[in-house]
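Here is a set of short exercises to work through with the model open beside you. Try each task on your own before reading the solution.

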Amino acid sequence: MFVLRQAIAEDGKYAQMICDEMRNSAKIRGTGIAERTPEYIRNKMRQGKAVIAFSEEGLWAGFCYIEDWTGEFVANSGLIVNPIFRKNGLARQIKQAVFNLSLQQYPEAKIFGLTTGLAVMKINSELGYQPVTYSELTQDEGFWSGCKSCVNYNILISKNRKNCLCTAMLYQPKNKSQEE
Ligand SMILES: CC(C)(COP(=O)(O)OP(=O)(O)OC[C@H]1O[C@@H](n2cnc3c(N)ncnc32)[C@H](O)[C@@H]1OP(=O)(O)O)[C@@H](O)C(=O)NCCC(=O)NCCS
């Protein structure tokens with residue numbers, strides 16, 4: 001029903017639409033979001049660090065990209081499904097695809113995410129992520145500065161970055177979790 005693939009440079013023409021939809025959806029939900037520019041999204045596409053989905057008719061249907069943080073951690077961020085294609089299992093398919101791509105590109109890395117969304121919590125759990133405290137996430141400033149555009153940033157800062165409204169979830173590669 002949907003066609004999913006690793007994004008390429010030519011998908012850059014969808015970047016503006018993707019950013020607009022991310023912003024609109026966050027507004028409607030009234031939740032925070034780490035805002036990304038179309039240029040940022042185009043870069044991810046050029047680097048092959050994103051998954052894009054289309055309907056059978058070729059309409060843009062969804063997107064998600066990989067962030068990498070100082071080798072040890074990656075995050076699968078910016079999950080967005082076109083509202084006309086929601087509740088058809090597409091987010092689950094995209095998350096699985098971007099998860100596989102992350103394992104392929106960063107076999108040693110821990111994969112983490114921050115979310116307020118039930119759909120994402122469910123999907124992450126199915127993929128083997130576990131809820132953790134923020135202490136288990138990357139401490140890379142680049143990651144946390146992404147939170148600056150979130151409506152809840154003041155809360156994060158008032159808690160010394162130890163917690164906030166998002167649930168943190170972490171997937172540990174098999175060999176890593178067995179060692180610890
Ligand atoms: C969240 C979002 C990605 C879900 O996409 P989707 O394609 O509709 O999700 P799926 O159909 O794959 O659903 C996966 C599971 O989540 C559930 N789900 C989907 N949307 C949900 C919602 N808004 N609230 C609660 N559960 C939801 C589904 O019922 C399904 O669970 P089930 O199989 O147990 O029934 C989509 O609504 C979206 O793009 N929202 C705006 C952006 C966003 O919130 N991104 C996540 C940021 S962390």
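## Exercise 1: F2 and its surroundings

Leaving aside neighbours within four places in sequence, F2 is in contact with A53, F54, S55, A61, L90 and Q93. Keep in mind throughout that this is a predicted model.

**Task.** Place F2 in its element and decide how exposed F2 is.

**Solution.**
- Step 1: find the element. F2 belongs to strand β1, which covers residues 2-6.
- Step 2: count neighbours. F2 has 16 C-beta neighbours inside 10 Å.
- Step 3: apply the cut-offs. A residue is buried at 20 or more such neighbours and exposed at 12 or fewer, so F2 with its 16 counts as partly exposed.
- Step 4: check one contact along the chain. F2 and Q93 are 91 residues apart in sequence, and their C-alpha atoms are separated by 9.0 Å.

## Exercise 2: The overall fold

**Task.** How many helices and strands does the protein have, and in what order do the elements run?

**Solution.**
- Step 1: count. The protein has seven helices and seven strands.
- Step 2: read from the N terminus. The order is β-α-α-β-β-β-α-β-α-β-α-α-β-α.

**Task.** Compare the radius of gyration of the protein with the value for a compact globule.

**Solution.**
- Step 1: take the expected value. For 180 residues, a compact globule would have a radius of gyration near 16 Å.
- Step 2: compare. The protein has 16 Å, which agrees.
- Step 3: add the extents. The C-alpha trace spans about 45 × 35 × 30 Å along the principal axes.
- Step 4: look at burial and contacts. Of the 180 residues, 32% count as buried. Among contacts with a separation of 6 or more, 69% join residues 24 or more positions apart.

## Exercise 3: Two helix pairs

Two packed helices are described by the angle between their axes and the distance between the axes.

**Task.** Describe the packing of α1 and α2 by angle, distance and handedness.

**Solution.**
- Step 1: geometry. Helix α1 (residues 15-29) and helix α2 (residues 38-46) have axes that come within 8 Å and cross at roughly 120°.
- Step 2: name the orientation. Roughly perpendicular covers 65 to 115 degrees and roughly antiparallel starts over 145, so α1 is oblique to α2.
- Step 3: handedness. The crossing of α1 past α2 is right-handed.
- Step 4: residues. A15, Q16, I18 and C19 of α1 make the contact with P38, I41 and R42 of α2.
- Step 5: classes. This contact has five nonpolar, one polar and one charged residues.

**Task.** Do the same for α3 and α4.

**Solution.**
- Step 1: geometry. Helix α3 (residues 90-105) packs with helix α4 (residues 118-127) at an angle of about 45°, and their axes are 10 Å apart.
- Step 2: orientation. Roughly parallel means under 35 degrees, so α3 and α4 are oblique to each other.
- Step 3: handedness. α3 and α4 cross in a right-handed way.
- Step 4: residues. On the α3 side are A91, R92, K95, Q96 and F99, which meet A119, I123 and L127 in α4.
- Step 5: classes. Five nonpolar, one polar and two charged residues make up the contact of α3 with α4.

## Exercise 4: Unusual backbone angles

Most residues other than glycine have a negative phi.

**Task.** Where do K87 and N160 lie, and what is the phi of each?

**Solution.**
- Step 1: K87. This residue is not a glycine, yet its phi is positive, about 65°. K87 sits in the loop between β4 (73-81) and α3.
- Step 2: N160. Here phi is near 55°, again positive in a residue other than glycine. N160 lies in the loop between α6 (153-158) and β7 (167-171).

**Task.** Are K87 and N160 buried or exposed?

**Solution.**
- Step 1: K87. With 9 C-beta neighbours inside 10 Å, K87 counts as exposed.
- Step 2: N160. With 8 other C-beta atoms within 10 Å, N160 is exposed.

## Exercise 5: Two long separations

**Task.** Locate L118 and K162, and give one C-alpha separation for each.

**Solution.**
- Step 1: L118. Helix α4 holds L118, which counts as exposed with 9 C-beta neighbours inside 10 Å. L118 and Q6 are 112 residues apart along the chain, with their C-alpha atoms separated by 25 Å.
- Step 2: K162. The loop between α6 and β7 holds K162, which is exposed with 9 other C-beta atoms within 10 Å. K162 and R23 are 139 residues apart along the chain, with their C-alpha atoms separated by 26 Å.

Methods. Residues numbered from 1 in each chain as written. Predicted model: local features only at pLDDT ≥ 70, side-chain atom pairs only at ≥ 80, totals over all residues. Helix = DSSP H or I, 4+ residues; strand = E, 2+ residues; numbered from the N terminus. Rg over C-alpha atoms; globule rule 2.2 N^0.38 Å. Contact = placed C-beta atoms within 7 Å. Axes fitted to C-alpha atoms, helices over the stretch in contact; angles between N-to-C directions. Left-handed = near helix turned anticlockwise from the far one by under 90°. Nonpolar A, V, L, I, M, F, W, Y, C, P; charged D, E, K, R; others polar.
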